[in-house]
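Thanks for sharing this one. Here are some notes to read alongside the structure, set out point by point.

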Amino acid sequence: MDTARFANERLVLRALEADDAEALQAYLNDPALIGRRCIPWRMPDITPLARRQIEEILDSWAKEKKAFTLGIEMRETGELVGHAGCFWGWDTHCPGISIAVAAAHQRRGIGSDVLDLFLKYLFEKTPAHNVNGWIASWNEAGLAFARKHGFTESGRVPRGGIRDGTYYEEVMVDILKREWMVAGGDSDGA
Amino acid sequence: MALEGNLVILREERHEDQPLFVDLRNDLETQGWNVALPPTYTEGMYVKRLDAMEFSYDRDSARFSIVLRESGELAGYITYSDLEERLAATIGIAIAKPFWGTGVAFDAQEVLLRFLFLELGLRVVHLWSHSGNVCALALAEKAGFVITGRVREGMYKNGKLLDTVVMSLLREAYFVSHPEIEDALPDLIREAT
């Protein structure tokens, strides 16, 4: 696994370019990703995104400081199937991560591959001590994914938003470096 | 009318406040940040920051100077940020050491909470601190905040690993502790189960 290039046998995490806009717009506007698009905070997470908004998202990602967002590309097809980011503006000691996989490509282990690459990078090549994320309480698949990969639920911040007439919580999840190492330096089965 | 409490008034920042704000930022015990900031801030930097603020009707944050009602003395500042309109905001406070333990921080916090819940109609208010900041946690708990999340060992400060802590105060909890205030805002939103 070539983590220096953020790649493995079946996918590559690469820089996002302007001509990714069409693919990005297509999977972000899929109803299955509503509310969990992993896009810049002030961008709409629910309403359909116009091309100009997509370009604004790409532009925002390209200008990120103390953060990066990469596209997930399948080697075999060259298709862009998602995006994932690391951000340490808060503190490199405790970076946050986010992963979004296009609905049509979920449940194929892509998210797991990306998470493994990110954790290996963060815990082996940066001062990260705690890697964390935020998952909406209605996102049962996301919560199950985090649990499966050894993340601990460390909090439930109330009223993170409203969905279908109901408040939801923002669930905090995290994994410490020593927990990752005990699990063998990868996240499966921790 | 300024925002008034029993002990304090919250008002806009002024140039004359900046020397104290610089002192608060340059003191590792009061600077109130997730990582230690170098204590090299200057009055010039703060004045520049203040002068760069532009008028807007669309503001998602504010900083108030905390002034004692009786003496007019400046005691610190209190803020809200990350405003999600009609839903949530995060508050922060920094008080000069001579005013620790005098009730000034609590009163300032109460004045701001009243503004956030009664004027901005928020449903929840959060604040961030760390597990080693006993005074800040106690101040928040006194107002009804409860710990709702942690970043485990998320801070390294003064040679110690600490949990970053987030605390939250629900609107309903605020009004329960203030029965003298009527909550006329209808809320037909269900709670998460």
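1. How exposed is Cys38(A), going by its relative accessible area? With a value of 27%, Cys38(A) counts as partly exposed. Please keep in mind while reading that this is a predicted model. You will find Cys38(A) in the loop that runs between α1 (21-28) and α2 (51-62) of chain A. The backbone deserves a look as well: phi of Cys38(A) is near 60°, a positive value in a residue other than glycine.

2. On to disulfides, since you may be wondering about the cysteines. Over all chains, the structure holds zero of them. For Cys38(A), the nearest cysteine sulfur belongs to Cys86(A) and lies 12 Å away. Why does Cys94(A) form no such bond? Its closest cysteine sulfur is again in Cys86(A), and the 13 Å between the two sulfurs is too far for a bond. Cys94(A) is buried, at 4% relative accessibility, whereas Cys38(A) is partly exposed.

3. Next, the interior space. The structure holds one cavity of 30 Å³ or more, and the volume of the largest cavity is about 40 Å³. Which residues line the largest cavity? From chain A come Asn132(A), Gly133(A), Trp134(A), Ser154(A), Met172(A), Val173(A) and Asp174(A), while chain B supplies Arg150(B) and Val151(B). The elements giving two or more residues to this lining are β5 (130-136) and β7 (166-176) of chain A, together with β7 (146-157) of chain B. Sorted by class, the lining has four nonpolar, three polar and two charged residues.

4. One of those lining residues, Arg150(B), merits its own paragraph. Arg150(B) sits in strand β7 of chain B and is partly exposed, with a relative accessible area of 28%. Leaving aside residues up to four places away in sequence, Arg150(B) touches Ser154(A), Gly155(A), Met172(A) and Asp174(A) in chain A, and Ser131(B), Asp163(B), Thr164(B) and Val165(B) in chain B. Among these partners, Ser154(A), Met172(A) and Asp174(A) also appear in the cavity lining. For a sense of distance within chain B, the C-alpha atoms of Arg150(B) and Gln109(B) are 22 Å apart, with their positions 41 residues apart along the chain.

5. Now turn to helix α4 (residues 134-142) of chain B. Its buried residues are Leu137(B), Leu139(B) and Ala140(B). Why can they be said to line one face of the helix? Viewed down the axis of α4(B), the buried residues fall within an arc of 160°, so they line one face. The face turned away from that buried side carries the exposed residues Val134(B), Cys135(B) and Lys142(B).

6. What covers the buried residues of α4(B)? The cover includes β5 (88-95), α3 (104-119), β6 (124-130) and β8 (160-170), which belong to chain B. Just after the helix, Gly144(B) takes a positive phi of about 105°.

7. A last backbone detail to check in your viewer. Arg86(B) is not a glycine, yet it has a positive phi of about 65°. Arg86(B) lies in the loop between β4 (74-84) and β5 of chain B.

Methods:
Residues are numbered from 1 along each chain as its sequence is written. Chains are lettered from A and ligands numbered from 1 in the order in which they are written. This is a predicted model: local features need pLDDT of at least 70, side-chain atom pairs count only at pLDDT 80 or more; totals for chains, interfaces and linings use all residues. Side-chain values use heavy atoms; hydrogens and water are left out. On a 1 Å grid over the protein atoms alone, a cavity is a set of points where a 1.4 Å probe fits but cannot get out, and a pocket is an open set with protein on both sides within 12 Å along at least five of seven lines; lining residues have an atom within 4 Å of a point. Grid points are joined across faces, edges and corners, and a volume is the space filled by probe spheres set on the points. Helices (H or I, at least four residues) and strands (E, at least two) are DSSP runs, numbered from the N terminus. Ala, Val, Leu, Ile, Met, Phe, Trp, Tyr, Cys and Pro count as nonpolar, Asp, Glu, Lys and Arg as charged, and the others, Gly among them, as polar. Buried means under 20% relative accessible area, exposed over 50%, partly exposed in between (1.4 Å probe, protein chains only). The arc is that of the directions from the helix axis to the C-beta atoms. Contact means heavy atoms within 4.5 Å. A disulfide is a pair of cysteine sulfur atoms within 2.5 Å.
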